[in-house]
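Please read the points below alongside the sequence and the coordinates. They are set out as a colleague's note, to be checked against the model one at a time.

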Amino acid sequence: MSQLPYVTAPGNIPRALDAIKTAATPPKVTQDFVKTILGIPGGSGDQMTTFLKRIGFANTDGTPTNLYTKFRNTGTSKKAVAAAIRQAYAPLYVRNEYMHELSTDELEGLIVEETGQAADSNVVGLISSAIANLKKYADFSETHTASDQEEAASSAKSSNDFNISLPPAHASPGHQGIGLNLGYTINLNLPATTDIAVFNAIFKSLKEHLLTNDDA
């Protein structure tokens with residue numbers, strides 16, 4: 001079941017986006033920046049800081065992404081938000097590639113299907129409202145190209161990167177003389193998917209072929 005991005009005060013989404021357009025791009029999108037410069041105080045500011053990361057406007061360390069800077073450009077602003085929606089709500093697009101064209105009732109039905117929430121859950125309505133507020137700033141009329149997909153994916157890349165350190169590989173007991181220990185580090189970029197079978201297959205393959213100390 002997916003956990004899709006939302007905030008408990010959806011009206012703060014346009015407030016934040018409007019402020020981002022007028023404020024200078026910060027070194028990092030921090031809680032202080034959101035609360036002071038974007039003008040969203042308290043717990044709502046904390047939620048918005050996380051939300052901006054979840055939609056690909058900021059990396060996990062807070063640094064603004066290409067989507068953030070392109071949103072501030074009048075010529076690419078709407079396209080950037082469309083890419084952000086496609087990235088942040090990718091599981092819904094798996095179920096319906098025209099998710100952004102659905103009516104509110106149809107969208108909420110899709111959210112229920114994806115999240116497993118009750119139909120009358122507040123969370124369902126908040127996710128739907130978050131998407132609706134973002135759509136006000138988006139333009140889906142242009143063809144969604146492969147470069148757009150790569151850019152949106154790169155905005156969320158840091159949350160999908162894993163470093164795996166393998167234990168040293170020791171020389172087999174039958175070998176005498178110089179001891180040799182080798183260590184390995186693997187940088188694994190996981191695909192943007194919610195299908196657990198994909199991850200199971202990846203890690204099973206790693207375990208079978210790499211994560212062992214058995215030498216022939």
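The points below take up confidence, overall make-up and the nonpolar core.

1. This is a predicted model, in which local features need pLDDT of at least 70 and side-chain atom pairs count only at pLDDT 80 or more, while totals for chains, interfaces and linings use all residues. Residues are numbered from 1 along each chain as its sequence is written, and side-chain values use heavy atoms, with hydrogens and water left out.

2. The mean pLDDT (the predictor's confidence in each residue, from 0 to 100) is 81, and 65% of the residues reach 70 or more. Over residues 143-147 the pLDDT is below 50, and this stretch has four contacts in the model beyond near neighbours in sequence, a contact being heavy atoms within 4.5 Å. Residues 156-172 also stay under 50, although the model gives them 44 contacts beyond four places in sequence. Where pLDDT is low, the predicted coordinates should not be read in detail.

3. The protein has ten helices and two strands, taken as DSSP runs (helices H or I, at least four residues; strands E, at least two) and numbered from the N terminus. Of its 216 residues, 36% are buried, that is, under 20% relative accessible area with a 1.4 Å probe, protein chains only.

4. The largest nonpolar core (buried Ala, Val, Leu, Ile, Met, Phe, Trp, Tyr and Cys residues joined through side-chain atoms within 4.5 Å) has 44 residues, and those with the most contacts inside it are Phe57 and Tyr89. The largest share of this core, seven residues, comes from helix 5.

5. Leaving aside neighbours within four places in sequence, Phe57 is in contact with residues including Leu17, Leu52, Phe71 and Val81.

Technical notes: Buried means under 20% relative accessible area, exposed over 50%, partly exposed in between (1.4 Å probe, protein chains only).
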